[in-house]
Amino acid sequence: MTGVKIESQIPVVDLSLADFKPGTDAWNCAREVAMRALEENGCFIVEFGEGGVPSGLHDAVFKVTEEFFNLPHKTKILNTNFKPSHGYIPHVPGTPLLEGSNIDGAEKLNACEKFTHLMWPSGNDGFCETVHSYSKLIVEIEKMVMKMIVESYGVESFYNEYLESSTYLLRFLKYKKPQQDYNPIAHTDKSFLSYLHQDKVRGLEIMTKDGSWFTYEPSPTSFMVMAGDACVAWSNGRIKACYHRVAVREEKIRYSIGTFSYQTGNIEIPKEFIDDAHPRQFKDFNHIDFLCFYDSKTNPIKAESLIKAYCGV
Ligand SMILES: O=C(O)CCC(=O)C(=O)O
Ligand SMILES: [Fe+2]
């Protein structure tokens with residue numbers, strides 16, 4: 001099958017082929033594989049190839065990631081945001097996460113400029129240009145992924161509105177294997193869709209439908225696409241949330257970058273998803289209010305999916 005590899009439990013779909021356009025056989029075949037994977041495991045791997053990922057971007061984005069983490073602590077903590085998990089994320093004791101930080105709305109140049117200015121008041125154009133180019137690349141991938149989703153469910157009329165309401169949270173992450181044994185904590189994301197990209201050290205693990213853990217191998221041109229809780233509710237439960245965890249098993253620092261799509265305003269469940277065989281499972285909801293609800297719970301581990309509790313019917 002052109003552009004599709006299903007040798008692992010999580011299929012790899014190549015979206016970078018030159019003739020890869022909606023309506024072609026290659027597109028339809030890739031769509032079928034991607035959709036089955038989203039419904040079964042809540043994820044699939046996008047291969048974006050040398051043609052899709054601009055030359056040097058992978059190295060450049062991880063170089064600036066390291067540069068960012070080398071800033072003084074007092075500078076990094078200036079990145080605050082009223083939305084939960086949208087600013088600086090300090091070390092989580094007992095887990096491999098050393099620290100993280102987010103750019104809210106990274107698809108917009110002015111958001112990247114604002115973050116850059118906060119971290120480097122005297123300027124850092126290389127950082128700003130690199131992270132903005134990276135975010136634009138993820139938006140390109142999301143456009144294709146979302147096109148496949150809306151086509152497959154016959155909800156194309158929702159596509160433009162979805163893209164117009166989308167905003168992207170870019171998260172830099174730095175991990176280290178903890179000194180003591182630890183149990184990696186699994187979770188589902190609160191996003192609509194998430195795009196995970198790793199540098200050289202593996203760590204992201206996905207729970208597959210048979211209950212085993214799949215280790216995602218780092219690659220400069222591939223991205224793990226995962227469905228978050230918001231996508232589950234929007235699709236009336238058709239798409240599954242990807243249950244995943246990070247386990248650092250090597251004695252090396254691990255860097256990864258997550259990009260999380262969020263919908264501004266309310267998410268309405270398209271009527272096409274609701275019929276006698278599929279009664280409505282979720283009420284319309286506000287995505288950021290859901291994130292705040294999740295964050296307000298006293299559960300410090302936050303492993304559990306709360307979308308049913310938040311807007312289930
Ligand atoms: O570092 C990774 O690969 C995954 C990070 C993650 O799951 C998250 O930030 O929600
Ligand atoms: Fe996650």
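This is a short tutorial dialogue on reading a predicted model of a protein with one of its ligand sites.

User: Where should I start: how many helices and strands are in the protein?

Analyst: Welcome! The protein has 10 helices and 14 strands. Its C-alpha trace spans about 55 × 45 × 40 Å along the principal axes.

User: What does the radius of gyration say about the protein?

Analyst: Compare it with what a compact globule would give. For 313 residues that value is near 20 Å, and the protein has 19 Å, which agrees.

User: How do I describe two packed helices?

Analyst: Two packed helices are described by the angle between their axes and by the distance between those axes. Here, take helix α1 (residues 25–40) and helix α6 (residues 125–153): their axes come within 10 Å and cross at roughly 85°. That makes α1 roughly perpendicular to α6. On α1 the contact is made by R31, A34 and M35, and on α6 by M148, E151 and S152. By class, these residues divide into three nonpolar, one polar and two charged.

User: What is the span of α6 from its first C-alpha to its last?

Analyst: With 29 residues, α6 reaches 42 Å, close to the 42 Å expected at 1.5 Å a residue. After α6 comes G154, which has a positive phi near 65°.

User: Which residues are around ligand 1?

Analyst: They are R171, L173, D189, L196, Q198, G203, L204, H244, V246, S256 and G258. Four strands, β6 (166–175), β7 (193–198), β11 (244–246) and β12 (254–263), each supply at least two residues of this shell. Sorted by class, the shell has four nonpolar, five polar and two charged residues.

Conventions: Residues are numbered from 1 along each chain as its sequence is written. Chains are lettered from A and ligands numbered from 1 in the order in which they are written. This is a predicted model: local features need pLDDT of at least 70, side-chain atom pairs count only at pLDDT 80 or more; totals for chains, interfaces and linings use all residues. A residue is near a molecule or strand if its C-beta atom, placed from the backbone, lies within 6 Å of it. Ala, Val, Leu, Ile, Met, Phe, Trp, Tyr, Cys and Pro count as nonpolar, Asp, Glu, Lys and Arg as charged, and the others, Gly among them, as polar. Axes are lines fitted to C-alpha atoms, for helices over the stretch in contact, and angles run from 0 to 180 degrees between N-to-C directions. Angles under 35 degrees count as roughly parallel, over 145 as roughly antiparallel, 65 to 115 as roughly perpendicular and the rest as oblique. Two residues are in contact if their C-beta atoms, placed from the backbone, lie within 7 Å. The expected span of a helix is 1.5 Å times one less than its number of residues. The radius of gyration is taken over C-alpha atoms; the globule rule is 2.2 Å times the number of residues to the power 0.38.
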